[in-house]
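Here are my notes on the model you sent, set out point by point. Please read them with the structure open.

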Amino acid sequence: MGDEAVAPMSLSVIIPTLNAAGRLRGTLQTLGAVDDLVVVDGGSTDRTVEVANTFGARVITATAGRGHQLMAGAVAATGPWLLFLHADTLLTAGWRADVERFAGDPRNPTRAAVFRFVLDDRSWQARLLERVVSWRVRTLGLPYGDQGLLIHRDFYRSLGGFPAWPLMEDVHLVRRIGRERLTLLPSAARTSAERWRRNGWIRRSLRNLTCLSLYFLGVPPRLIVKFYG
């Protein structure tokens, strides 16, 4: 028996931006038409807002910082399902079908989903990092924001939403969701590897791990962000 068809869903896609014009166009092209596209800008001085307008996005402004921007986007969104996405993340073919299948399952309004993590780099370091992230998500239930987050509005609100933090806002929310209520979708979120290429694969990965460790030790995110750079 084939897969049962699912009813069309109403989806709000929320993208925080800050001087992201160079990457945002590709992200919006892979999305295609969505019911409600909300770009939350933190004060860009490049062509970010112009690019967003070209794709028919509703552009709102918020205090710079992903926590603040994600919070504002969730408030402005109109759909019952929210998809939070980074401005440099490209969703691969099949993402919409995976999202609709997840949203159409009556068990999932109190669950959340993320995409597989893939980097836009052909090096062995990229493949190794992808495997490490896959293990972290499946075993520890700790995806980062560059894997997107699909969640029903009511569930998001019941968890308290994203905190107004400059960093670790994604980890805070997925910890409240919990590993048992988190699904890894088949399609991928392809993320820019520019930061790893620029800072070095080992150095950037160790920096991320250190930030995560500091968070679990209770260090305030406003202090962690100074180390993150």
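1. A salt bridge in α8. This is a predicted model. Glu194 and Arg198 are joined by a salt bridge, with 3.4 Å between their closest N and O atoms. Both residues belong to helix α8, which covers residues 194–199, and they sit four residues apart, about one turn of the helix. An α-helix has 3.6 residues a turn, so residues three or four places apart point the same way. Glu194 has a relative accessible area of 40% and is partly exposed, while Arg198, at 52%, is exposed.

2. The network around that pair. Which residues are linked with Glu194 and Arg198 in a network of salt bridges? The other members are Arg23, Asp120, Asp121 and Arg197. The structure holds 13 salt bridges.

3. Two other salt bridges. The side chains of Asp105 and Arg107 meet at 2.6 Å, N to O. Asp105 counts as buried because its relative accessibility is 18%, under the 20% cut-off. Arg107 is exposed, with 63% relative accessibility. Arg179 pairs with Glu180, and here the closest N and O atoms are 3.2 Å apart. Arg179 is partly exposed at 42% relative accessibility, and Glu180 is exposed at 58%.

4. Charge over the whole chain. The chain carries 30 positive and 20 negative side chains. The centres of these two sets are 7 Å apart.

5. Thr191. This residue is part of strand β8. Is Thr191 buried or exposed? Thr191 has a relative accessible area of 0%, so it counts as buried. Setting aside residues up to four places away in sequence, Thr191 touches Asp88, Thr89, Phe117, Val118, Leu119, Asp120 and Asp146. One of these, Asp120, also belongs to the salt-bridge network of point 2.

6. Helix α7. The helix runs over residues 169–177, and its buried residues are Glu169, Asp170, Val171, Leu173, Val174 and Ile177. Two acidic residues, Glu169 and Asp170, are thus on the buried list; please look at them in the model. What do the buried residues of α7 pack against? Their partners are the helices α3 (66–76), α6 (153–158) and α9 (201–216), together with the strands β6 (112–119), β7 (149–152) and β8 (182–191).

7. The two ends of α7. Met168 lies in the loop between α6 and α7. Its phi is near 70°, a positive value in a residue other than glycine. Met168 counts as buried, with 7% relative accessibility. After the helix comes Gly178, whose phi is also positive, near 90°.

8. Cys211. This cysteine is placed in helix α9. At 1% relative accessibility, Cys211 is buried. Leaving out neighbours within four places in sequence, Cys211 is in contact with Leu167, Met168, Ile224, Phe227 and Tyr228. Met168 is the loop residue described in point 7.

9. Asn19. Asn19 is found in the loop between β1 (11–17) and α1 (21–31). Its phi is near 50°, which is positive in a residue other than glycine. With a relative accessible area of 39%, Asn19 is partly exposed. How far apart are the C-alpha atoms of Asn19 and Cys211? They are separated by 24 Å, and the two residues are 192 residues apart along the chain.

10. The chain as a whole. The chain has 10 helices and eight strands. Its radius of gyration is 17 Å, close to the 17 Å that the globule rule gives for 229 residues, so the chain is as compact as a globular protein of that length. The C-alpha trace spans about 45 × 40 × 35 Å along its principal axes.

11. Burial, surface and contacts. Of the 229 residues, 50% count as buried. The exposed area of the chain is about 11200 Å², of which carbon and sulfur atoms supply 55%. Taking contacts between residues at least 6 apart in sequence, 73% join residues at least 24 apart.

Notes. Residues numbered from 1 in each chain as written. Predicted model: local features only at pLDDT ≥ 70, side-chain atom pairs only at ≥ 80, totals over all residues. Heavy atoms only, no water. Rg over C-alpha atoms; globule rule 2.2 N^0.38 Å. Buried < 20%, exposed > 50% of the residue type's maximum accessible area, 1.4 Å probe, protein only. Contact = heavy atoms within 4.5 Å. Areas by Shrake-Rupley, 256 points an atom, 1.4 Å probe, with all protein chains shown as cover. Lys, Arg positive; Asp, Glu negative; His and termini not counted. Charge placed at Lys NZ, Arg CZ, Asp CG, Glu CD. Salt bridge = Lys/Arg side-chain N within 4 Å of Asp/Glu carboxyl O.
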